[in-house]
Amino acid sequence: MHPTPTTRPRALFAMGRRHRDAMFPPAEIQRLTACVDVDPDHVAENLTDEPALADVEILITSWGCPVLDEEVLARAPALKAIVHAAGSVKHHVTQACWDRGILVSSAPAANAVPVAEYTVAAILFANKRVLEIGGLYREHRAPLDWSRRFPGFGNYRRTVGVVGASLVGRKVIELLRPYDLDILLADPYVSTLRAAGMGVRRVELDELVSASDVVSLHAPELPETRHLMDARRLGLMRDSATLINTARGSLVDTDALAAEATSGRIHAVIDVTEPEVLPAASPLYSLPNVLLTPHIAGSLGGELHRITSSALDEVERYCAGEPFAHAVHRAALATSA
């Protein structure tokens, strides 16, 4: 806990202007200015020559925030807290911030909600073969024998494999509880006992991949998770199983996925890719067994206001002398997104 400020702390927006405009409409600005001294029209997109840094106590950051290195911090002697209105802080919070003892908060829990909602929708549609049936119905414009074409389709007692008990992974598990699904979890940091408490069965990754009708990726982007789903693991997937990736594109070997999907053996719902935008010639754009979306699972439109509300809650806690509810700790960054 930090001392309760005797005066209103000075705050500064440090993010892309378009993000500030989208996330902080007048009602949220009014809530913010009720507890801090901030110029709502000033957004620092470049901190190299930012005069306002001199007396800023709280930086309100989001996507597009410049890197907060030693040079920037040297011009911000009063800075005590960073409230990040987005998910990961890895792109702008540096070792210099931790060395200074600056408090850091983030909003990954708020951003996890729409990603989990997208994932659950993808799981239910995948098992029901909604996209394929919709495409065939559009093509033939007549009823077909769907059970013959898709034997065993549907969601009853299907197996869903969740890779990574991240905030999103845990939210997916929570949202899937009302359904008659069997859920497996692969995560090296989760014990069998803890997994049981979550209502899932912990297994090793290869077993999960080979036993699941849907494999959904929620692991962080780390050196050891690069191409977690390589050609070998994709080959372990059941025939007609579906791979869902709403985590990071680097978790999947794109060329290996394209080869498996082109064969028609497996299905995929892919929201993140490596590279971020695939070449126009990639078969993943046009395959009937692949749904490719342009990184839309996370917060967009009105969903951004959930993140804003979380960030404002943290600012109010700071101003009241209370600890952050969503504090970021340096040690946890090694295994987080």
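The following exercises, each with a worked solution, examine selected features of a predicted model.

Residues are numbered from 1 along each chain as its sequence is written. In this predicted model, local features need pLDDT of at least 70 and side-chain atom pairs count only at pLDDT 80 or more, totals for chains, interfaces and linings use all residues, and side-chain values use heavy atoms, with hydrogens and water left out.

**Exercise 1. Two packed helices**

Determine how helix H2 is oriented relative to helix H13, and which residues meet between them.

Solution.
1. Helices (H or I, at least four residues) and strands (E, at least two) are DSSP runs, numbered from the N terminus. H2 covers residues 26-33 and H13 covers residues 304-319.
2. The axes of H2 and H13 come within 10 Å and cross at roughly 10°. Axes are lines fitted to C-alpha atoms, for helices over the stretch in contact, and angles run from 0 to 180 degrees between N-to-C directions.
3. H2 is therefore roughly parallel to H13; angles under 35 degrees count as roughly parallel, over 145 as roughly antiparallel, 65 to 115 as roughly perpendicular and the rest as oblique.
4. Contact means heavy atoms within 4.5 Å. From H2, Glu-28, Arg-31 and Leu-32 take part, and they meet Thr-308, Ser-309, Leu-312, Asp-313, Val-315 and Glu-316 of H13.

**Exercise 2. The setting of His-84**

Decide whether His-84 is buried or exposed, and identify the partner of its side chain in a polar contact.

Solution.
1. His-84 belongs to strand S3, residues 81-84.
2. Its relative accessible area is 3%, so His-84 is buried. Buried means under 20% relative accessible area, exposed over 50%, partly exposed in between (1.4 Å probe, protein chains only).
3. The side chains of His-84 and Thr-61 make a polar contact at 2.7 Å. Such a contact is a pair of N or O atoms within 3.5 Å; within protein, one must be able to donate a hydrogen and the other to accept it, and residues adjacent in sequence count only if both atoms are side-chain atoms.
4. Not counting residues up to four places away in sequence, His-84 also touches others, including Trp-63, Val-89 and His-92.

**Exercise 3. Helix H12 and the largest core**

Establish which residues of H12 are buried, and what H12 gives to the largest nonpolar core.

Solution.
1. Within H12 (residues 254-263), the buried residues include Thr-254, Leu-257 and Glu-260. Their cover includes helix H11 (231-236) and strand S9 (242-245).
2. At the start of H12, a side-chain oxygen of Asp-253 reaches to within 3.1 Å of the backbone nitrogen of Asp-255. Just after H12, Gly-264 has a positive phi of about 85°.
3. A nonpolar core is a set of buried Ala, Val, Leu, Ile, Met, Phe, Trp, Tyr and Cys residues joined through side-chain atoms within 4.5 Å. The largest has 30 residues, and Met-237, Leu-243 and Leu-257 have the most contacts inside it.
4. H12 gives the most to this core, with 4 residues.

**Exercise 4. Backbone features in loops**

Find where the positive phi values of Arg-129 and His-227 occur, and which residues a cis peptide bond joins.

Solution.
1. Arg-129 is not a glycine, yet its phi is positive, about 55°. Arg-129 sits in the loop between helix H5 (108-128) and helix H6 (130-140), and is buried at 8% relative accessible area.
2. His-227 has a positive phi near 55° and lies in the loop between S8 and H11. With 24% relative accessibility, His-227 counts as partly exposed.
3. The cis peptide bond joins Glu-274 and Pro-275, with omega about 0°. Pro-275 is in the loop between S10 and S11.
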